[in-house]
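Me: I'm in my first year and still learning to read models like this one. Please choose one part, go through it slowly with me, and then show me what it sits against.

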Amino acid sequence: MIEILNDTELARAKVTGALVADILQTLESRSTVGTNLLEIDGWTRDMIVAAGAESCYVDYEPSFGRGPFGHYVCTSVNDAVLHGMPHDRTLADGDLLTLDLAVAKDGIAADAAISFVVGDTQPPESLAMIDATRRALRAGIAAARPGARIGDLSHAIGAVLTAAGYPVNTEFGGHGIGSTMHQDPHIPNTGRAGRGYTLRPGLLLALEPWIMADTAQLVTDADGWTLRSATGSRTAHTEHTIAITADGAEILTLPTAR
């Protein structure tokens, strides 16, 4: 299903997007050495409830996961890159943490992810990976405008990641979003320009470049959800929800205080 939102729905999408961004910003500020992943999940739950919103994750049960996710935020540490299920783990100095959050409010969902290094130790290789995903995301957003095709976005994202020396996995990528979290079209993190669905004003997309340092192969944890690099290498992931407008793309998942 591909949804095209009207002006009223787009206004609601902006509210949801800001909420997601504000929660992620708060979580990043609170996630320090000694923080437990289950604490982060609890903070997320409290902020979603306080905002009168709903989690897109708690009851989520897609074909690629095992049973309902049962938590409020994805917490992926170091070699974990996607769908990291919160568990009893305490963050250590130098850990690379990715937080991925999707929330619905007033019938419209928004989705975003951030990666950052915890503590005083900031490994240059980890910072370079995070920077590559951020630059790739900016390139994908710059390519998003009415009349462009999904392949144009994929190509722009993949060109940055490949130039930075990272393998690109296409099993999981960006996606349409609206009244539900995951919709068509699928947006691989590499692809051929000029191919795929043509973008129209009112379309919401979640773009999410993610990489693993030295492999494109994923392995799944025993929890049935957490995806890790097959080699144990570190990973990074950055995501925004954008709206296609007559003038290009508007980022919806920016914090209100920035």
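Reply: Let's start at the N-terminal end of helix H1, which is capped by Asn-6: a side-chain oxygen of Asn-6 lies 3.1 Å from the backbone nitrogen of Thr-8. That passes the test for a polar contact, a pair of N or O atoms within 3.5 Å; within protein, one must be able to donate a hydrogen and the other to accept it, and residues adjacent in sequence count only if both atoms are side-chain atoms.

A quick word on what you're looking at. This is a predicted model, where local features need pLDDT of at least 70 and side-chain atom pairs count only at pLDDT 80 or more, while totals for chains, interfaces and linings use all residues. Residues are numbered from 1 along each chain as its sequence is written, and side-chain values use heavy atoms, leaving out hydrogens and water. Helices (H or I, at least four residues) and strands (E, at least two) are DSSP runs, numbered from the N terminus.

Now follow H1 along residues 7-30. The expected span of a helix is 1.5 Å times one less than its number of residues. With 24 residues, H1 should span 34 Å, and its end C-alpha atoms are 35 Å apart, which agrees.

Plenty of H1 is tucked away: among its buried residues are Leu-10, Ala-13, Leu-19, Val-20, Ile-23 and Leu-27. (Buried means under 20% relative accessible area, exposed over 50%, partly exposed in between, using a 1.4 Å probe and protein chains only.) What covers them includes helix H2 (37-50), E4, E5, strand E8 (204-207) and strand E13 (240-245).

Let's step over to E13. Since 5 of its 6 residues are buried, E13 is largely enclosed by the rest of the structure. E13 belongs to an open sheet of 5 strands, ordered E7-E6-E8-E13-E14, with antiparallel pairing. The edges are E7 and strand E14 (248-251), each pairing on one side only. From one strand to the next, the twist averages 30°; axes here are lines fitted to C-alpha atoms (for helices, over the stretch in contact), and angles run from 0 to 180 degrees between N-to-C directions.

Two strands pair if DSSP finds at least two bridges between them. E8 and E13 have 4 bridges, antiparallel, and Ala-206 stands opposite Thr-241 in E13. E13 and E14 also pair in the antiparallel sense over 4 bridges. Ile-244 has Ala-249 of E14 as its bridge partner, and Thr-245 has Gly-248. A hairpin takes the chain from E13 to E14 through 2 residues.

At the E7 edge there's a quirk. Pro-185, in strand E7 (residues 183-187), is joined to Asp-184 by a cis peptide bond, with omega about 0°.

E4, another strand covering H1, has an odd backbone angle on either side. His-83, in the loop between strand E3 (80-82) and strand E4 (96-105), has a positive phi near 60° without being a glycine. Asp-106, in the loop between E4 and strand E5 (108-117), also isn't a glycine, and its phi is about 55°. Most residues other than glycine have a negative phi, and most peptide bonds are trans. Their surroundings are worth a look too: His-83 counts as buried because its relative accessibility is 14%, while Asp-106, at 55%, counts as exposed.

Note on methods
Contact means heavy atoms within 4.5 Å.
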